[in-house]
Amino acid sequence: MKNLLLLLFMAITTPLFAQSKLTYENGNFDFLKDQSDVNVQYKFENVTFQVDNYTEAQYLERRKTETLAKKGEDAWKEWSGNWNEHRESVFIQRFIEGLNAKSKKIKFGKDLKTKYTLLVETKWVYPGWSGGMIMQPAKLSTVVTFVETENPAKVIAKIQTDKIEGVGSKVDYGMEYGRISAAYEKTGKELAKEIKKTLK
């Protein structure tokens, strides 16, 4: 019983004390001071998963095997459909929502004709887990790069985000893709906080 209570306490308090980490590789946000809109693009290629650094194909194969064994073909089709939807559109939308939730002076969005483009490249994902009342949030590491839209080779600023936990979002924490989308939203919020400091 004591062990169960300890696990429950850790699951509840870990997100509260988790520290986000943003590391500047180069540049700063001064160039954004006179901008009102920034375009956002997203990459989900060559991503690794979990502490074992599985490829996406390996991760999905393991998830498929587990789902088929426990719930059958229909459950796998539903899961994989939801995964593809999140991978293609929900993850980036949550990231943008996180940015805009904390950014009052700049609007971020997809397919905008702007001077600068923010490129978020996913590097590593820990999907977390859920077991009834106990939940471990997803964690996300990315590289965020600001470039000139007309000259993408010109990098203005580059930031690494390290293992940011997805907490505080209105998502389905019972499923991996829900927890991961929360990590994208949290990453957007943390980045926007840093930008806001510059724009004061």
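R63 counts as buried, at 13% relative accessibility. In this predicted model, the side chain of R63 meets that of E176 in a salt bridge, one of 15 salt bridges that the structure holds. The points below cover that pair, other charged groups, a surface patch, two residues with positive phi, and Q136.

**The salt bridge between R63 and E176**

- The N to O distance between the side chains of E176 and R63 is 2.2 Å.
- E176 lies in helix 4 (residues 176–199) and R63 in helix 2 (residues 56–70), so this salt bridge ties together parts that are 113 residues apart in sequence.
- E176 is buried because its relative accessible area is 9%, under the 20% cut-off for that class.
- R63 falls under the same 20% cut-off, with its relative accessibility of 13%.

**Salt bridges of E190 in helix 4**

- E190 forms a salt bridge with K186, and the closest N and O atoms of this pair are 3.5 Å apart.
- Both residues of that pair lie in helix 4, where E190 and K186 are four residues apart, about one turn of the helix.
- Both E190 and K186 are buried, and the relative accessible area of E190 is 13%.
- E190 also forms a salt bridge with K193, with 3.3 Å between the closest N and O atoms.
- E190 and K193 are three residues apart in helix 4, so about one helical turn separates them.
- K193 counts as partly exposed, at 35% relative accessibility, whereas E190 is buried.

**A network of salt bridges**

- Salt bridges link R94, E97, E185 and K189 in a network.

**A patch of positive charge**

- On the surface, K102, K104, K196 and K200 gather in a patch of positive charge.
- One of these residues, K104, is placed in the loop between helix 3 (73–102) and strand 5 (107–109).
- K104 has a relative accessible area of 69% and is therefore exposed, the cut-off for that class being over 50%.

**Positive phi outside glycine**

- N46 is not a glycine, yet it has a positive phi of about 55 degrees.
- The loop that holds N46 runs between strand 2 (37–43) and strand 3 (48–49).
- N46 is exposed, and its relative accessible area is 76%.
- K163 is not a glycine either, and its phi is positive at about 50 degrees.
- K163 lies in a strand, namely strand 10 (residues 151–165).
- K163 is partly exposed, because its relative accessible area of 44% falls between the cut-offs of 20% and 50%.

**Q136 and its contacts**

- Q136 has its place in strand 8, which covers residues 134–136.
- With a relative accessible area of 15%, Q136 is buried.
- Leaving aside residues up to four places away in sequence, Q136 touches Y126, G128, W129, E165 and R179.

Technical notes. Residues are numbered from 1 along each chain as its sequence is written. This is a predicted model: local features need pLDDT of at least 70, side-chain atom pairs count only at pLDDT 80 or more; totals for chains, interfaces and linings use all residues. Side-chain values use heavy atoms; hydrogens and water are left out. Patches are made of residues with over 30% relative accessible area and no salt bridge: like charges are joined within 9 Å, nonpolar side chains (Val, Leu, Ile, Met, Phe, Trp, Tyr) within 5 Å. Accessible areas come from the Shrake-Rupley method with a 1.4 Å probe; for residues, only the protein chains shown count as cover. A salt bridge is a side-chain nitrogen of Lys or Arg within 4 Å of a carboxyl oxygen of Asp or Glu. Lys and Arg count as positive and Asp and Glu as negative; His and the chain ends are not counted. The place of a charge is taken as NZ of Lys, CZ of Arg, CG of Asp or CD of Glu. Helices (H or I, at least four residues) and strands (E, at least two) are DSSP runs, numbered from the N terminus. Buried means under 20% relative accessible area, exposed over 50%, partly exposed in between (1.4 Å probe, protein chains only). Contact means heavy atoms within 4.5 Å.
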